[in-house]
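Visitor: Please choose a single part of this model and take me through it closely, one residue after another. I would also like to know how the terms are defined, and how that part sits within the rest.

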Amino acid sequence: NFDLEWAELSLRFALSIPAVASAVVGTSSLKHLEQNVEWAKQGGLSGSQFSQLRACFQAHDENWRAEI
């Protein structure tokens, strides 16, 4: 998981997809919202992280359409 929390990995993966202009994240606490904002400020994953994660999707689900 690239030493990232799963929530951070998921959010930043979504933000790595060029066609994604925003990510809608539900939360039940201000603390979680603030954490999500900090992660989003970091932008998408690095190119190598994104490629590795995308390769995992492709290896295990040939019908994945890049939709989360």
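Guide: What follows is a close look at helix 1, set first within the whole and then compared with its surroundings.

This is a predicted model, in which local features need pLDDT of at least 70 and side-chain atom pairs count only at pLDDT 80 or more, while totals for chains, interfaces and linings use all residues. Residues are numbered from 1 along each chain as its sequence is written, and side-chain values use heavy atoms, with hydrogens and water left out.

The protein has 3 helices and 0 strands, in the order α-α-α along the sequence; helices (H or I, at least four residues) and strands (E, at least two) are DSSP runs numbered from the N terminus. The C-alpha trace spans about 40 × 20 × 20 Å along its principal axes. Of the 68 residues, 24% are buried, where buried means under 20% relative accessible area, exposed over 50% and partly exposed in between, with a 1.4 Å probe and protein chains only. Among contacts (heavy atoms within 4.5 Å) between residues at least 6 apart in sequence, 72% join residues at least 24 apart.

Helix 1 runs over residues 6–16, and its buried residues are Glu8, Leu9, Leu11, Arg12, Phe13, Ala14 and Ser16. The cover over these buried residues includes helix 2 (30–41) and helix 3 (47–60). Two charged residues in that list deserve a closer look. Glutamate 8 counts as buried because its relative accessibility is 8%, and arginine 12 is likewise buried, with a relative accessible area of 9%. The two form a salt bridge, their closest N and O atoms being 3.1 Å apart; the term is used for a side-chain nitrogen of Lys or Arg within 4 Å of a carboxyl oxygen of Asp or Glu. Both lie in helix 1, 4 residues apart, or about one turn of the helix. An α-helix has 3.6 residues a turn, so residues three or four places apart point the same way. Side chains of opposite charge can pair when their charged atoms come close.

Arginine 12 also has contacts further along the chain: leaving aside neighbours within four places in sequence, arginine 12 touches Leu4, Trp39, Gln42, Gly43, Gly44 and Leu45. Leu11, another buried residue of helix 1, is in contact with asparagine 36, which also touches Val25 when residues up to four places away are not counted. Asparagine 36 belongs to helix 2 and is itself buried, at a relative accessible area of 13%.

By the rule given above, there are 2 salt bridges. The other pair is glutamate 38 and lysine 41, at 3.5 Å from N to O, and these residues are 3 apart in helix 2, which again separates them by about one helical turn. Here the accessibilities are higher than the buried cut-off: glutamate 38 is partly exposed at 41%, and lysine 41 is exposed at 62%.

Just before helix 1 lies the segment that holds aspartate 3, an exposed residue with a relative accessible area of 78%. Its phi is near 60°, a positive value in a residue other than glycine. Most residues other than glycine have a negative phi, and most peptide bonds are trans.
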